[in-house]
Amino acid sequence: MRFYSMKRGTNIAERWVVRMMTLWLMLSLLETKAQDSCSVSMYWAVPTLINPATAGKDTALHITAYGRKQWVGMDTSPQTYFVAADMPFKVKKAKMGVGISMQNSKTDLTKANVLAIQYAYSTKLWGGQIAIGLQAGKIEQTLKTSSEKTSTSVDLAAGLYYQRSLGKGQAYAGLSATHLNEASVTIDTISTFQQKRTYYFLVGGNIPTRNTLLIIQPSLLLKANGTATTIDCTLRATYNRRYWGGVSYRYDDGVVVMAGADIKAFRIGYAYDIGTSGDAKHSKGSHEVMLSYLMKINLDKKKRAPQKSIRLL
């Protein structure tokens, strides 16, 4: 069985992708530098947060609101809130995607606002779809002193994302890098905040079971910035295409329990993070809530072929 065409153009694309993946993984082990990227436990539900190539990855408009309150019960309890939206579109026969996100993170002493736009271009490869994405944005960093002082800087990101059907199931993988230019924000010569270039590797899929109402959804996310590496291993299950739940283990850091439901065009979710190391183990855990809206888009009005549920991607 052939999984992809052996044409010359495909072989060139294959070699290019392999080289890019190798280079990305090598860089993730070599980079060192100061302020960490945002991490969420339900990363699979908001992929544009870490990879701009996932913008418009299916055939729907997504709008998501997300909140994370970390290390509850501690004086230094970071909080992150963001809203993200993305959708696909076509120019002639070329499939593309666009997205936008607004993020607010704060601690006792600092506050950061990030505005970003994403663009992705998708094409067929190996029986599936591969997309390359770019992101440009602005970071506004505030230092909370007697009088708040604020400064801004440009922030860049890029990524690759591949997905394809495997029988009745599906597989996907992504490589991305955020803070490519390692934006440095200096506030009134008092403090300098430098974003660490961070690399992500995501892989997962949907596995049907003999019980046709149950779908198993494993995924793995590796995050590295040169000074620290985290690995999230997640196992979820969706029942009747509506109710879902799962657990996630973050290596040497904590365990996450999550659950939610897809009700018509809306998805609601909650995750509780139990810390097992560092400051996290002295807290009352971390809480995350999510609410998203989905609206299907017909990209090809002349062809209305039946599609798999995009909720399971």
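The following questions and answers concern a predicted model of one protein chain.

Reader: How many strands does the protein chain have beside its one helix?
Author: The model is predicted, and the secondary structure of the protein chain consists of one helix together with a set of strands. Buried residues account for 45% of the 313 residues, and the accessible surface comes to about 16700 Å², with 61% of that surface belonging to carbon and sulfur atoms. The number of strands in the protein chain is 16.

Reader: Which residue forms a salt bridge with Arg-68 at a closest N to O distance of 2.2 Å?
Author: Side chains of opposite charge can pair when their charged atoms come close. Arg-68 is in strand β1, whereas the partner in question is in strand β16 (residues 286-296), so the pair ties together parts of the chain that are 220 residues apart in sequence. The partner counts as buried because its relative accessible area is 1%, which is under the limit of 20%. The residue that meets Arg-68 at 2.2 Å is Glu-288.

Reader: How many residues apart are Arg-68 and Asp-273, which also meet in a salt bridge?
Author: The side chains of Arg-68 and Asp-273 come to 3.9 Å, N to O, which lies within the 4 Å that a salt bridge requires. The pair links distant parts of the chain, with Arg-68 in strand β1 (residues 60-69) and Asp-273 in strand β15 (residues 266-275). Both residues are buried, and their separation along the chain is 205 residues.

Reader: Which residues are linked with Arg-68 in a network of salt bridges?
Author: A search of the whole structure finds seven salt bridges. Arg-68 is itself buried, its relative accessible area being 7%, and it forms salt bridges with Asp-273 and with Glu-288. Together with Arg-68, the network holds Asp-232, Arg-250, Asp-253, Asp-273 and Glu-288.

Reader: Are Asp-262 and Arg-267, which meet in a salt bridge, buried or exposed?
Author: The side chains of Asp-262 and Arg-267 meet at 2.8 Å, N to O. The relative accessible area of Asp-262 is 6%, and that of Arg-267 is 9%. Because a residue under 20% counts as buried, Asp-262 and Arg-267 are both buried.

Reader: Which residue in β13 stands opposite Asp-232?
Author: Strand β12 (residues 229-239) pairs in the antiparallel sense with strand β11 (residues 214-224) over 11 bridges, and Leu-214 has Tyr-239 as its bridge partner in β12. Eight bridges then join β12 to strand β13 (residues 243-250), and these two strands also run antiparallel. Within the pairing of β12 and β13, the residue opposite Asp-232 is Arg-250.

Reader: Which residue in the turn between β12 and β13 has a positive phi of about 60°?
Author: The hairpin of β11 and β12 has four residues between its strands, and there Gly-226 takes a positive phi near 95°. The hairpin of β12 and β13 has three residues between its strands, and Arg-241, in the loop between them, has a positive phi of about 55° although it is not a glycine. The residue with a phi of about 60° in this turn is Asn-240.

Reader: Where does Asp-252 lie, given its positive phi of about 60°?
Author: Most residues other than glycine have a negative phi, and most peptide bonds are trans. Asp-252 has a positive phi although it is not a glycine, and at 54% relative accessibility it counts as exposed, whereas Arg-241 is partly exposed at 49%. Asp-252 lies in the loop between β13 and β14 (254-263).

Reader: Why are the rings of Tyr-66 and Phe-82 described as a stacked pair?
Author: A search of the whole structure finds five aromatic pairs. In the pair of Tyr-66 and Phe-82, the ring centres are 5.1 Å apart, and both residues are buried. Planes under 30 degrees apart count as stacked, so the pair earns that description by its plane angle of 5°.

Reader: What does the side chain of Gln-195 contact at 3.4 Å?
Author: Gln-195 has its place in the loop between β9 (191-194) and β10 (198-208). At 8% relative accessibility, Gln-195 counts as buried. Its side chain makes a polar contact at 3.4 Å with the side chain of His-179.

Note on methods: Residues are numbered from 1 along each chain as its sequence is written. This is a predicted model: local features need pLDDT of at least 70, side-chain atom pairs count only at pLDDT 80 or more; totals for chains, interfaces and linings use all residues. Side-chain values use heavy atoms; hydrogens and water are left out. Buried means under 20% relative accessible area, exposed over 50%, partly exposed in between (1.4 Å probe, protein chains only). Accessible areas come from the Shrake-Rupley method with a 1.4 Å probe; for residues, only the protein chains shown count as cover. A polar contact is a pair of N or O atoms within 3.5 Å; within protein, one must be able to donate a hydrogen and the other to accept it, and residues adjacent in sequence count only if both atoms are side-chain atoms. Two strands pair if DSSP finds at least two bridges between them. Rings of Phe, Tyr and Trp (its six-membered ring) pair if their centres lie within 6.5 Å; planes under 30 degrees apart count as stacked, over 60 as edge-to-face and the rest as tilted.
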